[in-house]
Amino acid sequence: MKIPKEVKVGGLVYKVETKPFVEVESDRNYQGTCDYSKTEISIMEYISNERKEDVFFHELTHAIFYEAGFEEQDEDMINRIGKVIHQVVKNNDF
């Protein structure tokens, strides 16, 4: 599966890019992040393509929930739903 360069979520376009590292509050121990104010999803470039897909769907799920009005998000729920969305998109021909 090819990860898109941008994705529309709730009427907004989120830019999707890979970076040498992903930093959150001075911590570089992240594989990806979703910046709602910049409408940007970042994914670490030095992980496998399969892992990049998994991280993309995880961060996309954060964007979907945020744009649906859920500013406070449970990370466990995002993990579970992101994995199912990944599987549905990957295993079905839309």
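The protein has a mean pLDDT of 95, and 100% of its residues reach 70 or more; pLDDT is the predictor's confidence in each residue, from 0 to 100. This is a predicted model, in which local features need pLDDT of at least 70 and side-chain atom pairs count only at pLDDT 80 or more, while totals for chains, interfaces and linings use all residues. Residues are numbered from 1 along each chain as its sequence is written, and side-chain values use heavy atoms, with hydrogens and water left out.

**Secondary structure**
- The protein contains 2 helices and 6 strands, where helices (H or I, at least four residues) and strands (E, at least two) are DSSP runs numbered from the N terminus.
- Read from the N terminus, the order of elements is β-β-β-β-β-β-α-α.
- Of these elements, strand E1 (residues 6-9) has the highest mean pLDDT, 98, and strand E4 (residues 27-30) the lowest, 87.

**Overall dimensions**
- The C-alpha trace spans about 40 × 30 × 25 Å along its principal axes.

**Burial and contacts**
- Buried residues (under 20% relative accessible area, 1.4 Å probe, protein chains only) form 34% of the 94 residues.
- Among contacts (heavy atoms within 4.5 Å) with a separation of 6 or more, 48% join residues 24 or more positions apart.

**Surface and charge**
- The exposed area is about 6,400 Å², of which carbon and sulfur atoms supply 48%; areas come from the Shrake-Rupley method with a 1.4 Å probe.
- There are 19 negative and 12 positive side chains, with Asp and Glu counted as negative, Lys and Arg as positive, and His and the chain ends not counted.
- The centres of the two charge sets lie 7 Å apart, each charge being placed at NZ of Lys, CZ of Arg, CG of Asp or CD of Glu.

Definitions and conventions:
Buried < 20%, exposed > 50% of the residue type's maximum accessible area, 1.4 Å probe, protein only.
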